[in-house]
Amino acid sequence: KKLGWAIVGLGKLALEEVLPAFGVAKHARLAALVSGHQDKALQVAEAYGLDPKNVYGYEMFDTIEDNPAVDIVYVILPNSMHAEYTIRGFRAGKHVLCEKPMAPTTDECTRMIAAAKRAGKKLMVAYRLRYEPINQKVIEMCRSKELGPLRTFEASHVQVTRAPNIRLSSKLAGGPLGDIGIYCINAARYVAGEEPVEVTAMMHQPHDDGNFREVPAGYAFTMRFPSGMLAHCDCHFAAAKSARYRVHCADGYIDVDPAFTYEGLELRVNREAGTTRLQVEPVNQFAAEMDHFSLAVMNDTAPLTPGEEGLADVRVIKAIEEAARSGRTVKIGA
Ligand code: NAD
């Protein structure tokens, strides 16, 4: 069985990754498009065999309430619009999958979670790597302490991002930390299986690069976990692509490089005796994520990455921003 999905926002991610993923999804089908550009939306509808009556402008979004073919709304808009469209999705009586980062502030995340509860609908945040087998294997190895206790975690997520791009706008997306640094934060949390208690951070905003008038170019930050695991991570918008992490344990270390990409992930386990590369059958991460949420809705089960998971990352992001600003260690949840 397939549930009907409405895609809200036809940007790069929606057009290049999410819409094609419906072709391989087992439990999700495209039921509606919501876009500010009617010509583009009608063209996309035609390409995917969608009746033009299921194409909405943003001003008509709330009337999706009357479309029984739509079960789930997938918000793929700039971060500053996530809360508004998620909450309107719930008011329209739909379940909502929202892109990461969940929202620019913890207040908005809290309001989104409350709106889901009020509506009696499900909210999931789009952490595609939790539905990907290599990251799942690492989580399993770390939970079972296959290489002994976790000692340190290191991650880098860097890429070249140039204007025009929503990611360089302080209002629309807010720079590298929420956009790509979030993968390092989320991975540290899912590998450790616990929440960081304090952070330190530095950031760099060059004065001689017009791309970074509004947002920092990069951050380096550390996180302390209750078990004693220490994490150190960096993210940057002006460095050649790298997306990897390493988990140092008492009896060996795990490398995932690349770790945060849509495909081609590689997992190596390093022990004193040598290195083993683990082969895992890859999946389409977007189809896997949409299928997971469809099944959670169909079976009335909790999704693996609910709103609370998005809020936990935004809480860490806010602490890192404050630590970078103040130059002080910032406690989380105190
Ligand atoms: P994009 O700039 O390509 O697309 C944004 C879309 O929002 C466009 O269709 C644009 O027309 C629309 N929009 C509506 N109102 C707008 C406004 N006021 N200003 C600018 N755009 C407006 O961005 P994207 O790369 O598709 O990212 C969209 C979201 O998806 C972001 O939240 C991003 O963090 C997330 N994302 C997630 C992943 C992932 O792997 N999970 C990857 C890329 C992006």
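**Exercise 1. Is Asp300 buried or exposed, going by the other C-beta atoms within 10 Å?**

Before we start, keep in mind that this is a predicted model.

Step 1. Find the residue: Asp300 sits in the loop between helix 7 (285–299) and helix 8.

Step 2. Count its neighbours. Asp300 has 7 other C-beta atoms within 10 Å.

Step 3. Compare with the cut-off: a residue with 12 or fewer counts as exposed. So Asp300 is exposed.

Step 4. Look at the backbone too. Asp300 isn't a glycine, yet its phi is positive, at about 50°.

**Exercise 2. Work out where Lys145 lies and what its phi and neighbour count tell you.**

Step 1. Go to the loop between helix 5 (133–143) and strand 7 (150–160), and there you'll find Lys145.

Step 2. Check phi. For Lys145 the value is near 55°, which is positive in a residue other than glycine. As background, most residues other than glycine have a negative phi.

Step 3. Count again. Lys145 counts as exposed because it has 12 C-beta neighbours inside 10 Å, and the cut-off for exposed is 12 or fewer.

**Exercise 3. Track down two cis peptide bonds and say which loops hold their prolines.**

Step 1. Start with Lys100 and Pro101. A cis peptide bond joins them, with omega at about -15°. Pro101 belongs to the loop between strand 5 (95–98) and helix 4 (106–119).

Step 2. Move on to Asp257 and Pro258. These two are also linked by a cis peptide bond, and here omega is about 0°. Pro258 is in the loop between strand 12 (252–256) and strand 13 (267–271).

Step 3. Put that in context: most peptide bonds are trans.

**Exercise 4. Describe the surroundings of Phe221.**

Step 1. Place it: Phe221 is part of strand 9 (residues 218–224).

Step 2. Count its neighbours. Phe221 has 26 other C-beta atoms within 10 Å, so it is buried; the cut-off for that is 20 or more.

Step 3. List the contacts. Leaving out residues up to four places away in sequence, Phe221 touches Val199, Thr200, Ala201, Cys233 and Ile320.

Step 4. Set sequence against space. Phe221 and Gly181 are 40 residues apart along the chain, while their C-alpha atoms are 9.5 Å apart.

**Exercise 5. Do the same for Tyr127.**

Step 1. Tyr127 is in the loop between strand 6 (123–125) and helix 5.

Step 2. Being in a loop doesn't settle the matter, so count: Tyr127 has 25 C-beta neighbours inside 10 Å and counts as buried.

Step 3. Not counting residues up to four places away in sequence, Tyr127 touches Lys100, Asn186, Thr305 and Glu309.

Step 4. Tyr127 and Leu311 are 184 residues apart in sequence but 12 Å apart in space, C-alpha to C-alpha.

**Exercise 6. Test the length of helix 8 (residues 307–326) against what you'd expect.**

Step 1. Helix 8 has 20 residues.

Step 2. At 1.5 Å a residue, the expected reach is 28 Å.

Step 3. From first C-alpha to last, helix 8 reaches 29 Å, close to that expected value.

Step 4. See what follows: just after helix 8, Gly327 takes a positive phi of about 75°.

**Exercise 7. Explain how the two domains and the nonpolar cores fit together.**

Step 1. Split the chain into domain 1 (3–128 + 286–303) and domain 2 (133–282 + 314–331). Their C-alpha centres lie 27 Å apart. Twelve residues from domain 1 and 13 residues from domain 2 make the contact.

Step 2. Find the largest nonpolar core. This one has 102 residues, and Ala6, Ile7, Tyr74, Ala188 and Ile320 have the most contacts inside it. Helix 6 (residues 176–192) gives the most to this core, with eleven residues. Both domain 1 and domain 2 supply at least three residues each.

Step 3. Spot the other core. Apart from the largest core lies one of five residues, including Leu168 and Phe212.

**Exercise 8. Build up the shell around the ligand.**

Step 1. Count: 18 residues surround the ligand, and the closest are Gly9, Gly11, Lys12, Leu13 and Glu99.

Step 2. Sort them by type: nine nonpolar, four polar and five charged.

Step 3. Trace their origin. Helix 1 (residues 12–21) gives the most, with three residues. Domain 1 and domain 2 each provide at least three residues of the shell.

Note on methods: Residues numbered from 1 in each chain as written. Predicted model: local features only at pLDDT ≥ 70, side-chain atom pairs only at ≥ 80, totals over all residues. Near = placed C-beta within 6 Å. Helix = DSSP H or I, 4+ residues; strand = E, 2+ residues; numbered from the N terminus. Nonpolar A, V, L, I, M, F, W, Y, C, P; charged D, E, K, R; others polar. Domains from an automatic or database assignment. Expected span 1.5 Å × (residues − 1). Contact = placed C-beta atoms within 7 Å. Core = buried A, V, L, I, M, F, W, Y, C linked by C-beta atoms within 7 Å.
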